[in-house]
Every structure is written in C-alpha cells, then in structure tokens.
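This report asks where open space is found in a protein model and what surrounds the bound ligand. The sequence and structure come first.

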Amino acid sequence: MVHFVGAGPGAPDLITLRGDALLRRADMVIWAGSLVNPELLKVCREDCEILDSARMTLEEVLDAMERAERDGLEVVRLHTGDPSVYGAIQEQMDALRERGIPFDVVPGVSSFCGAAAALEQELTLPGISQTVMLTRLAGRTPMPAGEDMRSLAAHGSTLVIFLSAGHLERLQEELLAAGRSEREPAAIVYKATWPDEVVLRCQVGTLAKTGKEHGIRLTALVVVGRVLDASYERSRLYDPGFATLFRPAHDAGADAHVDGEPREPSSASPGCEA
Ligand code: SAH
C-alpha cells in the first residue's frame with residue numbers, strides 16, 4: 001500500500017495527525033528532499049528505508065513502490081504542502097492503478113495557507129476579493145491556453161503565485177500588463193513556517209526589486225491583491241442581523257435559515273465558513 005502524504009509547508013508539526021502516524025509506521029518513505037523539511041523524518045522507524053525523490057525519475061519511484069508492494073511493505077510518498085497542488089501525483093497514482101497497487105491520499109497544509117498565516121492575512125475579504133487564484137508563471141511547464149498570467153491577473157482577484165520566485169521581473173511585467181496597479185500591495189513569502197521564514201511586503205511595482213534585494217529565487221510564494229491593504233466590509237456571517245443555521249438573527253427582518261448555508265434576507269450569498 002502506498003500513502004501519498006502532504007507534509008505541510010515546512011514546520012514539522014504542521015503535518016496532519018494521520019500523516020504523522022503513517023510516517024511513524026512506514027517501511028519505506030519516498031520524500032521530496034528538495035522541499036520537505038528533513039525534521040519530519042525523525043519520527044520514522046530506524047529500519048525504515050528512506051529514498052529522496054529529488055534524485056529519482058518517475059520510473060525509479062514506481063520501481064521502488066512496486067518492490068515494496070511485492071515485499072508486503074507500507075510506503076509513504078511524502079510531498080510538500082498538499083499533494084494536490086503542483087505535486088505531480090496524478091502520474092504516480094495512475095501508474096499505481098495500472099499496476100494494481102493500492103494507494104490513498106492524505107491531505108496536507110499547502111504552502112499558500114502557510115504564507116497567509118505568516119502574513120496574518122485573510123485572502124478573501126468581503127467587498128474586496130472573494131476569489132483566490134493559485135497559479136504560476138510558465139516555466140519549463142507551459143501554461144495552457146487562457147491561463148497566462150496576464151489573462152488571470154486581469155480578473156483582479158487575490159493571486160497566489162507558486163514556482164515563480166526566480167522570475168519576478170517577468171511576473172511584475174505581466175501583472176502590470178494585466179492592468180494591476182503599480183501600487184497594489186503584494187508580498188513575497190520565503191519558506192513559510194520554516195525557522196528561516198522571510199516575509200517581504202511590497203507593491204506590484206516593486207516585486208522584482210524586493211526579490212532581488214533579498215536574493216529570493218526559490219521556495220517562495222508571491223501573494224498579490226488588495227486584500228493585503230484594504231478597508232473591507234465586515235463579514236455577514238458574524239453580523240448580529242444575519243441568521244445562520246446556528247444562530248437566529250437579532251433584527252426582526254431577517255429570514256431564518258433554510259439549509260446548512262448561512263443565509264441573509266436578500267439573495268446575496270454571505271461569505272465564509274463558520
Ligand atoms: N504542493 C506544494 C507546492 C509544490 S510546488 C504546496 O501545496 O505548497 C513548489 C512551490 O511551492 C515552490 O516553488 C514555492 O513556490 C512553493 N512553496 C512550497 N513550500 C513553500 C514554503 N514553505 N514557503 C513558500 N513557498 C513554498
């Protein structure tokens with residue numbers, strides 16, 4: 001059995017309880033050594049076979065998994081953050097399915113959540129942006145049609161940009177070409193939740209300069225959006241006049257809820273999770 005496990009963004013205590021339990025009992029761990037914190041491996045059994053996928057091809061990873069399965073071993077495939085975001089797990093899961101090797105997936109805390117925590121920032125603010133785009137610049141992996149930075153950034157939503165810290169000049173150009181203002185707030189978060197985390201607040205027009213000054217090239221996320229510096233409307237969810245499934249409205253005009261979603265008298269939808 002192979003368990004794809006999200007390691008979280010860096011701090012070793014940000015793996016899930018389930019991921020930690022699987023790591024503790026694994027016979028083999030294949031970990032993404034370029035990004036996962038090696039501290040996480042301290043809980044592994046002494047006789048656990050540990051392989052660093054940064055030095056392996058997909059075929060080598062699959063061969064190791066196949067060998068483990070033949071020997072009746074339990075494998076943890078440890079990916080940074082959450083494996084569903086730029087994790088290259090689909091090709092592994094599909095190959096395992098073809099080979100008849102059972103697997104499951106344990107989610108993790110993605111680095112974008114780690115970055116938001118480092119910034120002490122909600123990414124969705126009422127009246128400012130209710131959408132977060134997780135995206136990247138084209139690198140060796142090209143962007144599919146319609147997903148180029150210029151088109152996506154033109155929506156004006158909050159952007160979290162992965163895998164692009166080495167191309168901040170191009171990123172800045174594309175954001176400006178999309179119509180984002182030079183003065184729109186932005187941030188670069190390097191190694192969110194690691195001991196050497198760095199948070200750099202800047203503006204769209206100073207992204208490249210800021211990254212260069214601090215030598216940021218890898219393991220960083222760029223967050224762009226007016227949420228970083230905006231006066232926003234308070235959330236309807238905690239508004240006394242707004243009825244939810246768990247709390248009646250305090251003003252007479254508000255409707256009762258009808259389902260699990262918080263609801264307000266108008267058709268506008270409220271906003272967030274309780
Ligand atoms: N699955 C991962 C993303 C892997 S892609 C996740 O959910 O976070 C690798 C990219 O993620 C890096 O280039 C960087 O942009 C980002 N990244 C991963 N860990 C990070 C961290 N601790 N701080 C900032 N960015 C990080």
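The sections below treat the largest pocket and then the ligand.

## Model and pocket volume

The model is predicted. Its largest pocket holds about 1300 Å³ of space. Domain 1 (2–109) and domain 2 (112–228) both contribute residues to the lining, so the largest pocket lies between them.

## Pocket lining

In total, 43 residues line the largest pocket. Those nearest its centre are Ser-34, Leu-35, Thr-80, Tyr-86 and Leu-163. Four elements each supply two or more lining residues: helix 2 (58–70), strand 4 (75–79), helix 3 (90–99) and strand 10 (220–224).

Sorted by class, the lining comprises 19 nonpolar, 17 polar and seven charged residues.

## Ligand surroundings

There are 18 residues around the ligand. Val-85, Ser-110, Ser-111, Ala-192 and Ala-220 come nearest to the ligand.

## Polar contacts and burial

Which atoms of the ligand pair with polar backbone atoms? One nitrogen contact involves Val-85, where a polar backbone atom is 2.6 Å from a nitrogen atom of the ligand. Asp-82 also places a backbone N or O atom 2.9 Å from a ligand nitrogen atom. With Ser-110 the side chain takes part: one of its N or O atoms is 2.8 Å from an oxygen atom of the ligand.

The ligand taken alone exposes 540 Å², and the protein buries 95% of that area.

Key. Residues are numbered from 1 along each chain as its sequence is written. This is a predicted model: local features need pLDDT of at least 70, side-chain atom pairs count only at pLDDT 80 or more; totals for chains, interfaces and linings use all residues. Side-chain values use heavy atoms; hydrogens and water are left out. On a 1 Å grid over the protein atoms alone, a cavity is a set of points where a 1.4 Å probe fits but cannot get out, and a pocket is an open set with protein on both sides within 12 Å along at least five of seven lines; lining residues have an atom within 4 Å of a point. Grid points are joined across faces, edges and corners, and a volume is the space filled by probe spheres set on the points. Ala, Val, Leu, Ile, Met, Phe, Trp, Tyr, Cys and Pro count as nonpolar, Asp, Glu, Lys and Arg as charged, and the others, Gly among them, as polar. Domain bounds come from an automatic or database domain assignment. A residue is near a molecule or strand if one of its heavy atoms lies within 4 Å of it. A polar contact is a pair of N or O atoms within 3.5 Å; within protein, one must be able to donate a hydrogen and the other to accept it, and residues adjacent in sequence count only if both atoms are side-chain atoms. Accessible areas come from the Shrake-Rupley method with a 1.4 Å probe; for residues, only the protein chains shown count as cover.
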